[in-house]
Amino acid sequence: MASLDRVKVLVLGDSGVGKSSLVHLLCHNQVLGNPSWTVGCSVDVRVHDYKEGTPEEKAYYIELWDVGGSVGSASSVKSTRAVFYNSVNGIILVHDLTNKKSSQNLHRWSLEALNKDSSPTGVIVSNGDYDREQFAENPIPLLLIGTKYDQIPENKRNDVLARTAFLSEDFNAEEINLDCTNPRYFAAGSSNAVKLSRFFDKVIEKRYFIRDPCQATAFTDKKRFNFKSLHYD
């Protein structure tokens, strides 16, 4: 295969939420038989057809960087993780739908990654708030993925999905909820597959085609990105 252009996408979230299983599913369309804890960072690659079915269609490598560790790690561990946050083109935020704390920690993961990025992001953070207008100057596309959907009790499913909808709105990102042990959640033509393709297209456009940040559509709808508005009652 000829050499392809590539983009770098971080996969962030608490330990145990299923990041490695998700990455394996995305890259190999197979269930990961024996998932283990990720030490440092594991990188896998997926081939994505940008603007598939159009005259502009082109194949790209999507590098998925599965970053291990806990958001509450010691500063030395966070400092070590910082090397993985350079030159990022997109971020997939992963949380366990049965673990509310993993959802609450996503904003801390995003803050850590964005503030450690060596390239200027224009992000100003104060008391857990993003200045959305400044972040829009150099937006990084986000995708929110909730795992272990199959483990949510039927009588709690509506409440959990309502919380994830608020979370998705506050991140201004599309959301996908799934079971990483079932490949059908990314079946061709499914809504999840369409959302994933749209996210990768946006990452590629930001990296290779959008020269004027003002043309970017991410994070421009609201003036403030205030994580305090998350609903977890």
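This is a short talk about a sheet, the helices that pack on it, and a few residues of interest.

Hi everyone, thanks for coming. Please keep in mind that what you see is a predicted model.

Let's start with the sheet. It is open and has six strands, in the order E2-E3-E1-E4-E7-E8, and the pairing is mixed. At the edges sit strand E2, residues 41–50, and strand E8, residues 174–177, and each of them pairs on one side only. On average, neighbouring strands are turned by 25° against each other, ignoring direction.

Now let's look at one pair of strands. E1, residues 6–12, and E3, residues 58–67, run parallel and are joined by six bridges. If you want a spot to click on, try Lys8, whose bridge partner in E3 is Glu63.

What packs on this sheet? Helix H6, residues 157–171, does, touching E4, E7 and E8, and its direction makes about 150° with that of E8. H7 packs on the sheet as well, and touches E1, E2, E3, E4, E7 and E8. The direction of H7 makes about 95° with that of E2.

Let's stay with H7, which spans residues 191–208 and includes Asn192. Is Asn192 buried or exposed? Asn192 is buried, because its relative accessible area is 10%, and the cut-off for buried is under 20%. Leaving out residues up to four places away in sequence, Asn192 touches Ile176, Asn177, Tyr185 and Phe186.

Finally, a word on cysteines. How many disulfides does a search of the whole structure find? The search finds zero. Cys41 is partly exposed, at 21% relative accessible area, while Cys180 counts as buried, at 8%.

Thanks for listening!

Definitions and conventions. Residues numbered from 1 in each chain as written. Predicted model: local features only at pLDDT ≥ 70, side-chain atom pairs only at ≥ 80, totals over all residues. Heavy atoms only, no water. Disulfide = S-S within 2.5 Å. Buried < 20%, exposed > 50% of the residue type's maximum accessible area, 1.4 Å probe, protein only. Helix = DSSP H or I, 4+ residues; strand = E, 2+ residues; numbered from the N terminus. Contact = heavy atoms within 4.5 Å. Pairing = 2+ DSSP bridges. Axes fitted to C-alpha atoms, helices over the stretch in contact; angles between N-to-C directions.
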